[in-house]
Amino acid sequence: MVKLSDIRAALADVEREQHDALTLRLVEALREQGYAGRLNGAKVAEICGGSLSPVQLAFRCLALAACYAVTPISNFKVGAVAIGRSGAFYFGANQEFNHSAIQQTIHAEQSAITHAWEAGEAGLTDLVVNTTPCGHCRQFINELNTADSIRIHLPHSQNNLLHQYLPDAFGPKNLNIRETLFDPRQHFFSERSGDRLVDTAIEAAQQSYAPYSRTLSAVALQRGDKIFCGRYAENAAFNPSMLPLQSALNYMRLSGLGYAGVDRLVMAERKASLSHRAMTEMLAQSLFGLERIEYVLL
């Protein structure tokens, strides 16, 4: 079972291996915030201190971001840092799930991007990754409201626009979609139950992104007294879409927690041409041993 101790141990390994003042300072900043894998804009500016650019600092964060990876299948850890318009850093890492379909995997770039989206960021200016993005992730990046301007930075190549990695791309514009991922959107559902977890899932579904299928979907996980939400983020190429449970698990992991201890899982969904219920039930059974999820049809 994936635990917080996994993150602590991995960060301690990076400290021992690198053991320079900047790495120690970054790890201490993560410890102070309960190992949440993000840095607000003020903290980024403070650590940069005029001697580093945000992108240079993000490169120094990649080994730390990779500490949040869960890789029981590949044993290959990928770290990513998404830089928001606010100046904040959002870590991302790949996450794999045993005993489930490999399509349930979260890629590091998806992880960082949806981490920023769930945190309420308005858009991304830069994406820093420790290895070249696969085609799946390039297509996912193409859904962003900053797809034309975001800069992608790799250890061997910086300041690249997306079209250099995805020439002659197919995306939202080809399907006449004008409001893309990270643009403000709000759907309205009148359903309310008085149950905090159910109502949180319904509210999250209102902000999901599903311009192609129109299937608005979200989940809410209860872990003790904490609730973590995940919204569906669709893609013009369909397969790179981020499912709501993966989004919730990702946010929980990047908040410095393991997957253990989930007591309840509620999915709220307005079905159109598809449903995420079966895939969600499969992963919930595998990870949490939940025989059933609570399903709210909107």
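**Where two domains meet**

Trainee: How many salt bridges does the rule find across the interface of domain 1 and domain 2?

Mentor: A salt bridge is a side-chain nitrogen of Lys or Arg within 4 Å of a carboxyl oxygen of Asp or Glu. Across this interface the rule finds one. Glu118 and Arg231 form a salt bridge through their side chains, at 3.1 Å from N to O. This is a predicted model: local features need pLDDT of at least 70, side-chain atom pairs count only at pLDDT 80 or more, and totals for chains, interfaces and linings use all residues. Residues are numbered from 1 along each chain as its sequence is written, and side-chain values use heavy atoms, with hydrogens and water left out.

Trainee: Where do the two domains lie in the sequence?

Mentor: Domain bounds come from an automatic or database assignment. Here domain 1 covers 4-12 + 36-175. Domain 2 covers 196-291. Their centres, taken over C-alpha atoms, are 20 Å apart.

Trainee: How many residues of each domain are in contact?

Mentor: Contact means heavy atoms within 4.5 Å. Domain 1 brings 35 residues, and domain 2 brings 35.

Trainee: What area do the domains bury between them?

Mentor: Buried area is the accessible area (1.4 Å probe) that two parts lose on being put together, summed over both. Domain 1 and domain 2 bury about 2,900 Å². Carbon and sulfur atoms carry 56% of it.

Trainee: Which three residues supply the most of domain 1's buried area?

Mentor: Look at Gln104, Trp117 and Glu118. They supply 23% of the area that domain 1 buries against domain 2, more than any other three residues. Glu118 is also the partner of Arg231 in the salt bridge.
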